[in-house]
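Here is my quick note for someone opening this structure for the first time. Have a look at the picture, then read the points below in order.

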Amino acid sequence: MSADDSGEGGTFALYSLLCRHAKLSLLPNQQAADEELSSYRYGPSSAQAASSSALRRFLEKHKRLRTALLLVVLFGACMLIGDGVLTSAISAELLLLACIILVGLFALQHCGTHRVAFMFAPIVIIWLLFIFSIGLYNIIYWNPKIVYALSPHYIVKFFRETGKDGWLSLGGILLSITEPFFWPVFVVATLAAIVGSQAVITATFSIVKQCHALGCFPRVKVVHTSKHIYGQIYIPEINWILMVLTLAVTIGFQDTTLIGNAYGLACMTVMFITTFLMGLVIVFVWQRNFFLATFFLLFFWLIEGTYLSAALMKVPQGGWLPLALSVIFMLIMYIWHYGTRRKYNYDLHNKVSLKWVLGLGPSLGIVRVPGIGLIYSELTTGVPSIFSHFVTNLPAFHKVLVFVCVKSVPVPYVSPDERFLIGRVCPRPYRMYRCIVRYGYKDIQRDDGDFENLLVQSVAEFIQMEAVEPHYSSSETSPSVDGRMAVISTRDIRSSMTLTVTEQDFVSVVDDDSIHSGSSKSNTLQSLRSMYEDDTPSIRRRQVRFQLPPNPRMDPVVREELMDLIRAKEAGVAYIMGHSYVKARRNSSFIKKLAIDIGYSFLRKNCRGPSVALNIPHISLIEVGMIYYV
């Protein structure tokens with residue numbers, strides 16, 4: 001129980017914990033600045049690990065071993081997803097009633113766990129008192145045996161086989177239930193099974209969210225269902241897929257013995273893999289002796305292996321189901337991770353030369369118009385290759401450019417005070433900055449409409465900080481790029497006097513003043529905004545205007561840069577993304593073409609788009625197409 005990641009458990013939580021203490025991740029997007037996060041350090045430092053673990057260095061050196069470790073973790077996560085299907089399917093035996101209950105269970109998921117969990121305490125109390133009363137009644141009047149009940153399908157099976165009265169054997173514990181008590185026991189047992197199934201379904205949502213954050217699952221819609229419980233989520237696509245699979249298993253098998261065999265194999269496989277990851281945690285995180293970890297694995301694998309081997313013998317009798325489900329989900333996860341990794345490596349090795357950008361001059365060889373251009377890229381350093389497409393295809397570009405990278409780090413949560421990393425891409429006259437937005441695998445990206453304002457304030461704070469601490473002002477010409485990026489906290493923004501903020505709440509999706517004022521907005525753009533307002537629900541946002549307070553001691557160069565930033569914000573913000581098409585090279589193997597051209601392309605076309613996942617307003621989005629030959 002101590003092998004957790006700041007309170008988070010499971011295969012992916014342990015994997016992310018291992019990735020922080022050893023370079024096991026296959027995505028090379030980690031930075032030295034990530035290690036300075038307050039939630040990053042958990043256990044001994046990585047420096048101690050580097051000096052004491054030969055196994056760590058061995059795994060870091062061999063990519064195939066790291067890939068094998070990822071496959072083991074994915075297999076464990078997929079088995080847990082299969083467990084979410086089987087737990088709900090095994091909860092009832094009356095087919096029609098079971099289907100009705102299952103449909104209702106999945107339909108209630110968008111209320112979140114807190115809506116269903118209100119039944120938990122009453123069910124526990126009723127279960128204990130009611131079953132105890134039944135047991136006492138049977139002990140006194142019928143048979144002096146201990147009474148135990150667990151799941152409604154056992155009760156149904158008992159009455160089918162024995163008639164009105166009799167005994168039901170449940171793992172060596174005998175259950176005696178008379179006919180008058182059948183339906184009350186059945187109702188309470190069904191409610192208890194619903195609560196248990198709901199908990200496993202919610203765990204499945206959490207697993208999928210973690211897989212996506214670590215680049216192992218396609219983009220899906222994640223809904224935060226509770227204002228009071230942080231991290232409680234609902235994923236509509238996964239919910240309905242689980243419902244269809246659960247109904248298919250319930251209707252297809254119609255035998256809880258077969259479903260029980262599948263359930264047992266899924267549970268034991270997850271336990272077996274978790275124990276393996278626990279052994280690695282002992283070595284890499286806790287820095288204990290290798291022989292202690294080996295003894296731990298042998299001891300628990302001897303126990304779990306006995307149960308696992310027994311479960312494997314049931315593969316022909318239903319045990320094949322979790323294996324089949326795991327293979328399907330595992331293919332989806334690994335193909336997505338493989339395609340994501342190949343696309344990132346393409347960007348990494350085809351970055352635009354900084355000398356080429358500097359050679360264009362501060363105007364970049366085109367007209368620089370008022371406004372802020374947010375260029376989204378997955379790179380944390382350098383200029384992405386798609387930037388050259390923007391410069392060569394667009395007749396004009398914004399005066400202020402910010403390269404934005406939204407990335408996940410292998411920690412559960414990132415404090416808002418540590419979320420933004422701000423730096424400069426080119427010298428001051430170019431007005432080009434970099435912003436890295438960091439999230440943990442349990443964090444939720446909220447659409448609160450405040451991202452633009454926080455970004456402007458963060459850049460302004462960086463400009464002011466740069467004037468005081470000159471070591472941030474050098475350009476990206478030396479290898480240590482991350483050292484010149486500053487963490488801008490929301491606490492610093494609130495207490496800073498760099499910019500003064502005036503704001504007011506209004507219910508709209510765009511700024512009405514910008515539409516009806518006598519600005520350079522075209523009639524076409526105004527009509528598009530009106531159509532967007534009609535199709536989009538009204539939400540309460542903040543109208544923020546920035547001003548530069550009088551400060552005679554401020555450097556005139558810094559004041560000019562801050563005024564350019566304010567004027568650019570007033571002119572408007574545009575979101576610029578690459579609409580990428582990923583294809584395998586012509587000389588690639590058949591398997592690679594099958595994975596990239598068919599598998600990865602199919603997943604990209606049928607998952608949520610990156611602009612939707614990042615909550616980018618469609619009216620302000622500019623996309624430029626680009627083909628990636630990986």
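The points below go through a sheet, its helices, some salt bridges and a surface patch.

1. Before anything else, keep in mind that this is a predicted model.

2. Start with the open sheet of 7 strands, where the pairing is mixed. Walking across it, you meet the strands in the order β9-β7-β8-β6-β5-β12-β13. The edges are β9 (486–488) and β13 (621–629), each of which pairs on one side only. On average, neighbouring strands here are turned by 30° against each other, direction ignored.

3. What holds the β9 edge in the pairing pattern? Strand β7 (residues 420–424) is joined to β9 by 3 bridges, and the two run antiparallel. If you want a residue to click on, try Ile422, whose bridge partner in β9 is Ala486.

4. Two helices lie across this sheet. Helix α15 (residues 386–393) lies across β5 (367–376), β6 (396–408), β8 (432–439), β12 (573–583) and β13, at about 125° to β13. Helix α20 (residues 556–571) lies across β5, β6, β7, β8 and β12, and runs at about 80° to β5.

5. Helix α20 also has a charged link to the sheet: Asp564 and Lys399 meet in a salt bridge, 4.0 Å from N to O. Asp564 sits in helix α20 and Lys399 in strand β6, so this pair links distant parts of the chain, 165 residues apart. Asp564 counts as buried because its relative accessibility is 8%, while Lys399, at 37%, counts as partly exposed. The pair belongs to a network of salt bridges that links Lys399, Arg431, Asp564 and Arg567.

6. How many salt bridges turn up in the whole structure? The search finds 11. One of them joins Asp5 to Arg20, with the closest N and O atoms 2.9 Å apart. Asp5 lies in the segment before α1 (11–21) and Arg20 in helix α1, so the pair ties together parts that are 15 residues apart in sequence. Both Asp5 and Arg20 are buried.

7. Compare that with Arg56 and Glu60, whose closest N and O atoms are 3.2 Å apart in their salt bridge. Both lie in helix α3 (residues 54–61), 4 residues apart, or about one turn of the helix. Arg56 counts as buried, at 8% relative accessibility.

8. Finally, the surface: Leu292, Phe295, Phe299, Phe300, Leu302, Ile303 and Tyr307 form a nonpolar patch with about 740 Å² of accessible area together. Ile303 is in helix α12 (residues 290–312), and its 40% relative accessibility makes it partly exposed.

Terms used
Residues are numbered from 1 along each chain as its sequence is written. This is a predicted model: local features need pLDDT of at least 70, side-chain atom pairs count only at pLDDT 80 or more; totals for chains, interfaces and linings use all residues. Side-chain values use heavy atoms; hydrogens and water are left out. Two strands pair if DSSP finds at least two bridges between them. Axes are lines fitted to C-alpha atoms, for helices over the stretch in contact, and angles run from 0 to 180 degrees between N-to-C directions. Contact means heavy atoms within 4.5 Å. Patches are made of residues with over 30% relative accessible area and no salt bridge: like charges are joined within 9 Å, nonpolar side chains (Val, Leu, Ile, Met, Phe, Trp, Tyr) within 5 Å. Accessible areas come from the Shrake-Rupley method with a 1.4 Å probe; for residues, only the protein chains shown count as cover. A salt bridge is a side-chain nitrogen of Lys or Arg within 4 Å of a carboxyl oxygen of Asp or Glu. Buried means under 20% relative accessible area, exposed over 50%, partly exposed in between (1.4 Å probe, protein chains only).
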